Amino acid sequence: MSLKRDALNMKLLRNAAVAVTLSASVLAACQGPSEVLHQGYVVDQETLALAPVGSSREQVLLSLGSPSATATFDNEVFYYVSQTRKRSAAFMKPKLIEQSVLAVYFDKDGVVERLAHYTLKDGRVFDMINRVTPTGGKELTFLGQLLRGGGANPGSALQNVFGNTPR
């Protein structure tokens, strides 16, 4: 009786050890190596020295290349943005860990007035890959458009659908 009990305990221990080993290997495979993504323009000091204060807009474009973004209403500021993101697994959303923005300010004559270097500590995140254009209006779903109708009376579309005429 004791031998049967010992054999059963050994079998349970072996099965538990196999289950723990398999679980650990599956979890390790899911974790995988973390991935570091570098995006944007990485400014080095040698290239930056080619566009000092007092240089022209054309000289900046030749030495630094096209900017990541420009000022919204005029071309008085060039922004060169670089970001470093990290994700722990391939299916997870990358987390921003470092950001650098080089701003080149021009005067009215197109001459570099000053250079500024901003990081995450200086302000908010600069979204380089936002694929959504913000709008001022409200976008309705198909059902919302059906319920709202096209006229001044929101219930008119429902009344038309059900065959009732407004009284």
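**Exercise 1.** In this predicted model, decide whether Gln 99 is buried or exposed, and find the partner of its side chain.

*Solution.*
- Step 1: Locate the residue. Gln 99 lies in strand β4, residues 95-106.
- Step 2: Check its accessibility. The relative accessible area of Gln 99 is 5%. Buried means under 20%, so Gln 99 is buried.
- Step 3: Look for a polar partner. The side chains of Gln 99 and Gln 83 make a polar contact at 2.8 Å.

**Exercise 2.** Work out how the buried residues of helix α3 are placed around its axis, and what covers them.

*Solution.*
- Step 1: List the buried residues. In α3, residues 57-64, they are Arg 57, Val 60, Ser 63 and Leu 64.
- Step 2: Take their arc. These residues cover only 135° around the axis, so they sit on the same side of α3.
- Step 3: Recall helix geometry. An α-helix has 3.6 residues a turn, so residues three or four places apart point the same way.
- Step 4: Turn to the other side of α3. Glu 58 and Leu 62 are exposed there.
- Step 5: Identify the cover. It includes α2 (45-48), β3 (77-87), β4 and β5 (112-119).
- Step 6: Inspect the end of the helix. Gly 65, just after α3, takes a positive phi of about 85°.

**Exercise 3.** Decide whether Leu 143 is buried or exposed, and name the residues of its nonpolar surface patch.

*Solution.*
- Step 1: Place the residue. Leu 143 belongs to helix α4, residues 142-148.
- Step 2: Apply the cut-off. Exposed means over 50%. Leu 143 has a relative accessible area of 52%, so Leu 143 is exposed.
- Step 3: Define the patch. Phe 142, Leu 143, Leu 146 and Leu 147 form it, and together they have about 420 Å² of accessible area.

Conventions:
Residues numbered from 1 in each chain as written. Predicted model: local features only at pLDDT ≥ 70, side-chain atom pairs only at ≥ 80, totals over all residues. Heavy atoms only, no water. Helix = DSSP H or I, 4+ residues; strand = E, 2+ residues; numbered from the N terminus. Buried < 20%, exposed > 50% of the residue type's maximum accessible area, 1.4 Å probe, protein only. Polar contact = N/O pair within 3.5 Å; in protein donor to acceptor, adjacent residues only side chain to side chain. Arc of directions from axis to C-beta. Contact = heavy atoms within 4.5 Å. Patch = residues over 30% accessible without salt bridge, like charges linked within 9 Å, V, L, I, M, F, W, Y side chains within 5 Å. Areas by Shrake-Rupley, 256 points an atom, 1.4 Å probe, with all protein chains shown as cover. Salt bridge = Lys/Arg side-chain N within 4 Å of Asp/Glu carboxyl O.
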